[in-house]
Amino acid sequence: IDEFKVVGQNVPLALVLQLQDGFVIGLVREGIQVVDPDDVATRLKKSPALIGCETSPCLKKAGQILDVRFIMRVKVEAEGNSYRMTARLFG
């Protein structure tokens, strides 16, 4: 997961971390290996042009740097106690 974004008014950092942890735990419980978010950030920091890119060559290069077959981006829209989560998988 190279991007986990939570949007909404006054979303506390604790909630963002809780949502991210819950999402990652769900993937791991299904047997999907997930690279630690701090490790992803550290590796991609060396190639900032790859952060958020969506072209095939760019995603391929990001996957090589992260040593993964798939890249996932997650966006959560928070309104009060309601959340709408969208995950995009690139492979």
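**Exercise 1. The disulfide**

Which cysteines form a disulfide, and how far apart are their sulfur atoms? Work from the predicted model.

*Solution.*
- Step 1. Apply the cut-off: a disulfide needs two cysteine sulfur atoms within 2.5 Å.
- Step 2. Cysteine 53 and cysteine 58 form a disulfide, with their sulfur atoms 1.9 Å apart.
- Step 3. Count by this rule: the result is one disulfide.
- Step 4. Read the torsion about the S-S bond. It is -105°, and the link of cysteine 53 and cysteine 58 is left-handed.
- Step 5. Check the accessibility of each partner. Cysteine 53 counts as buried because its relative accessibility is 10%. Cysteine 58, at 11%, counts as buried too.

**Exercise 2. Arginine 73 and its partners**

Determine where arginine 73 lies, whether it is buried or exposed, and what its side chain reaches.

*Solution.*
- Step 1. Place the residue: arginine 73 is in strand 2.
- Step 2. Take the cut-off for buried, under 20% relative accessible area. Arginine 73 has 5%, so it is buried.
- Step 3. Find the side-chain partner. The arginine 73 side chain makes a polar contact with the side chain of aspartate 2, at 2.9 Å.
- Step 4. Find the backbone partner. The arginine 73 side chain also reaches the backbone oxygen of cysteine 53, at 2.7 Å. Cysteine 53 is the disulfide partner of cysteine 58.
- Step 5. Set aside residues up to four places away in sequence. Arginine 73 then touches several residues, including Asp2, Gly52, Cys53, Leu59 and Phe90.

**Exercise 3. Aspartate 2, seen from the other side**

Locate aspartate 2 and list its contacts beyond four places in sequence.

*Solution.*
- Step 1. Aspartate 2 sits in the segment before strand 1 (3-7).
- Step 2. Its relative accessible area is 16%, so aspartate 2 is buried.
- Step 3. Its contacts are Val40, Leu44, Gly52, Ile71, Met72 and Arg73.
- Step 4. With the side chain of arginine 73, the aspartate 2 side chain makes a polar contact at 2.9 Å.

**Exercise 4. Helix 2 against helix 3**

Describe how helix 2 packs on helix 3, and name the residues that meet.

*Solution.*
- Step 1. Recall the two descriptors: the angle between the axes and the distance between the axes.
- Step 2. Helix 2 (residues 37-45) and helix 3 (residues 56-66) pack at about 115°, with axes 10 Å apart.
- Step 3. Helix 2 passes helix 3 in a right-handed crossing.
- Step 4. Helix 2 brings Val40, Arg43 and Leu44; these meet Ala62, Ile65 and Leu66 in helix 3.
- Step 5. Sort these residues by class: five nonpolar, no polar and one charged.
- Step 6. Link back to Exercise 3. Val40 and Leu44 are also among the contacts of aspartate 2.

**Exercise 5. Phenylalanine 90**

Where is phenylalanine 90 found, and which residues is it in contact with beyond four places in sequence?

*Solution.*
- Step 1. Phenylalanine 90 is in strand 3 (residues 82-90).
- Step 2. Phenylalanine 90 is buried, because its relative accessible area is 17%.
- Step 3. Its contacts are Leu59, Arg69, Phe70, Ile71 and Arg73.
- Step 4. Check a C-alpha separation. Phenylalanine 90 and glycine 63 are 27 residues apart along the chain, and their C-alpha atoms are separated by 9.4 Å.

**Exercise 6. Positive phi in loops**

Give phi, place and exposure for asparagine 10 and aspartate 67.

*Solution.*
- Step 1. Asparagine 10 is not a glycine, yet its phi is positive, about 50°.
- Step 2. Asparagine 10 is in the loop between strand 1 and helix 1 (13-29). At 78% relative accessibility, asparagine 10 counts as exposed.
- Step 3. Aspartate 67 has a positive phi near 60°.
- Step 4. Aspartate 67 is in the loop between helix 3 and strand 2 (71-79). Its relative accessible area is 68%, so aspartate 67 is exposed.

Technical notes. Residues numbered from 1 in each chain as written. Predicted model: local features only at pLDDT ≥ 70, side-chain atom pairs only at ≥ 80, totals over all residues. Heavy atoms only, no water. Buried < 20%, exposed > 50% of the residue type's maximum accessible area, 1.4 Å probe, protein only. Helix = DSSP H or I, 4+ residues; strand = E, 2+ residues; numbered from the N terminus. Polar contact = N/O pair within 3.5 Å; in protein donor to acceptor, adjacent residues only side chain to side chain. Contact = heavy atoms within 4.5 Å. Axes fitted to C-alpha atoms, helices over the stretch in contact; angles between N-to-C directions. Left-handed = near helix turned anticlockwise from the far one by under 90°. Nonpolar A, V, L, I, M, F, W, Y, C, P; charged D, E, K, R; others polar.
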